[in-house]
Amino acid sequence: MPDGALPVLDVRDLKTVFRTRAGEVHAVNDVSFSLKPGELLGVVGESGSGKSVTMMSLLGLLPSPPADVRNGTVTFDGQDLLKVNQETLRSVRGGKIGFVFQDPMTSLNPVFTVGMQIAEPLRKHMGLNKRQAAQRATELLELVGIPDAKRRLDDYPHQFSGGMRQRVMIAIALACDPQVLIADEPTTALDVTIQAQILELMKELREKLGMAVIWITHDLGVIAGIADRVMVMYGGQVVEHAPVHELFGNPQHPYTRALLKTIPTIHGERAARLTVIEGQPPLMVGPPIACPFLDRCDVAFDRCARANPPRYDVGRGHDAACFFDARTGASRDA
C-alpha cells in the first residue's frame, strides 16, 4: 500500500437506525473510517456490534423500512454513495465494490447453476456475451482454486462442499475486478482447515489483484495474520482503531483488552477455563447517551454513565473512544 495514497473509500459520520415496535434501534452511530488502495482493514467485534450493518449501509443493502441511513457520507470514486440514484448504486454494487456474504450455504441460489450465477454480474456490469461470460467464469473458478473449473460451471450449489461454495462466492465478488472487496465473516461456517485455505487464498488474490479489502470477523486471531489496520466496533460505534501490530501490542480500550484475553492459548493448565466477557452487548434502543461498554467494563467510573466518550488520538495512527487512559491508569480528564 503506497504511503500517502488517497483513500479509495472514505466513510464519515455514518448513522443507521432501525424502526421497531420497541423504539428506534441505533445500530450504527457516527462511524468513520477510510480505506486505501491495496489495504486490508479488519473490522472486529461481537455479534450485534454493528459490523455487518455498517458495511451493508454503505451499499444500500438494508431493507428500508425498517432501516434508515440517517446521516453520513460514503465517498467512493468521487461520489457520495448515500446520495446517488439506484441505477448508479447498482453499477457500483457487485461491479466496483464486491461483497462476500456471511453464509456460503444460503447465499447462492439453489435453482441456478454456479456458472449462471458467476456470469450474471459479468453480463450486467461488463457487457460480456454468453460465451465470453462463460470463459471468464471458468477463469474465475480456476483463480479461486476450484479444480476442473469448466465442467463445474454446470453444477448446482448443493454439489459443492461448504469450502467450495465459499470459493464460488469469492469468485462472484471478484468477477468484475472490484476496487474494494467486503468480506463479511466469510470463514465462520467453515472448519479450521478450510478457513486456513480461504485465508491463504485471500492473501494471494489481494497481492495479485491489488484490491483493497474490508474483512469483517469476530476472530482476532484471523485479523492478526492478514490485516494492515484494525477497527474494533462495539455498540454500533468504533471504540478503537489502530495498525494491527499497534493494536495487539498497545490496546487502549477496555473492550479491546477483553477481546484479546479471550483468544485461546496453548500455554497454561489444560483444565483452565477460557476467559469470557461477562454480560451481553447493549440493545441500543435510543441514541447513545453513555459509554455502550459501561455495564461490562472493569474500569468504568461515574463520567462513563453521563456521556458517550469520543475518539481521542493515542499516536502512531491509533485512536480510542474511552475516558480511561490505559497508559496512566486514570481518567483522561483527571
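This is a tour of selections to make in the open structure, stop by stop.

The model is predicted, so local features are reported only at pLDDT of at least 70 and side-chain atom pairs only at pLDDT 80 or more, while totals for chains, interfaces and linings use all residues. Residues are numbered from 1 along each chain as its sequence is written, and side-chain values use heavy atoms, with hydrogens and water left out.

**The four-stranded sheet**

Select strands 1, 2, 4 and 5; helices (H or I, at least four residues) and strands (E, at least two) are DSSP runs, numbered from the N terminus. They form an open sheet in the order 2-1-4-5, with antiparallel pairing. Strand 2 and strand 5 are the edges, each with a single partner strand, so one side of each has no neighbour in the sheet. Helix 1 packs on this sheet, touching strand 1, strand 2 and strand 4, and its direction makes about 110 degrees with that of strand 1. Contact here means heavy atoms within 4.5 Å. Axes are lines fitted to C-alpha atoms, for helices over the stretch in contact, and angles run from 0 to 180 degrees between N-to-C directions.

Strands of a sheet pair through backbone hydrogen bonds, either parallel or antiparallel. Two strands count as paired if DSSP finds at least two bridges between them. Now select residues 9-20, strand 1: eight bridges join this strand to strand 4, and the two run antiparallel. To see one of the pairs, pick Val11, whose bridge partner in strand 4 is Val74.

On the other side of strand 4, go to strand 5 (residues 79-80), joined to strand 4 by two bridges in an antiparallel arrangement. Thr75 stands opposite Asp80 in strand 5. The hairpin of strand 4 and strand 5 has two residues between the strands, and Asp77 in this hairpin takes a positive phi near 55 degrees.

**Backbone details**

Next, select Ser64 to Pro66. Which bond geometry does the peptide bond from Ser64 to Pro65 have, cis or trans? That bond is cis, with omega near -5 degrees. The bond from Pro65 to Pro66 is also cis, with omega near 10 degrees. Pro65 lies in the loop between helix 1 (51-58) and strand 4 (67-76), and Pro66 is in the loop between helix 1 and strand 4 as well.

Move to Asp30 in strand 2 (residues 23-35). Its phi is near 55 degrees, a positive value in a residue other than glycine. Asp30 is partly exposed, at 46% relative accessibility. Buried means under 20% relative accessible area, exposed over 50%, and partly exposed in between (1.4 Å probe, protein chains only).

Asp148 also has a positive phi of about 55 degrees although it is not a glycine. Look for Asp148 in the loop between helix 5 (130-143) and helix 6 (149-152); this residue is partly exposed, with a relative accessible area of 45%.

**The eight-stranded sheet**

Select strands 3 and 6 to 12 as needed to trace an open sheet of eight strands, ordered 6-7-8-3-9-10-12-11, with mixed pairing. At the edges are strand 6 (97-100) and strand 11 (312-315), each with a single partner strand, so one side of each is left without a neighbour in the sheet. Neighbouring strands of this sheet are turned by 20 degrees against each other on average, direction ignored.

At one edge, four bridges join strand 6 to strand 7 (residues 180-184), and these strands run parallel. Val100 has Ala183 of strand 7 as its bridge partner. Helix 7 (residues 162-174) packs on the sheet, touching strand 6 and strand 7, with its direction at about 165 degrees to that of strand 6. Then add helix 8 (residues 192-209), which lies across strand 3 (40-44), strand 7 and strand 8 (212-217) and runs at about 160 degrees to strand 8.

**An enclosed helix**

Select residues 254-261, helix 11. How many of its eight residues are buried? Six are, so helix 11 is largely enclosed by the rest of the structure. The buried residues are Pro254, Tyr255, Thr256, Ala258, Leu259 and Leu260. Their cover includes helix 9 (220-226), strand 9 (229-234), strand 10 (237-243) and helix 10 (244-249).

**Last selection**

Finish with Val111, which lies in the loop between helix 3 (104-107) and helix 4 (114-125). Val111 is exposed, with a relative accessible area of 57%.
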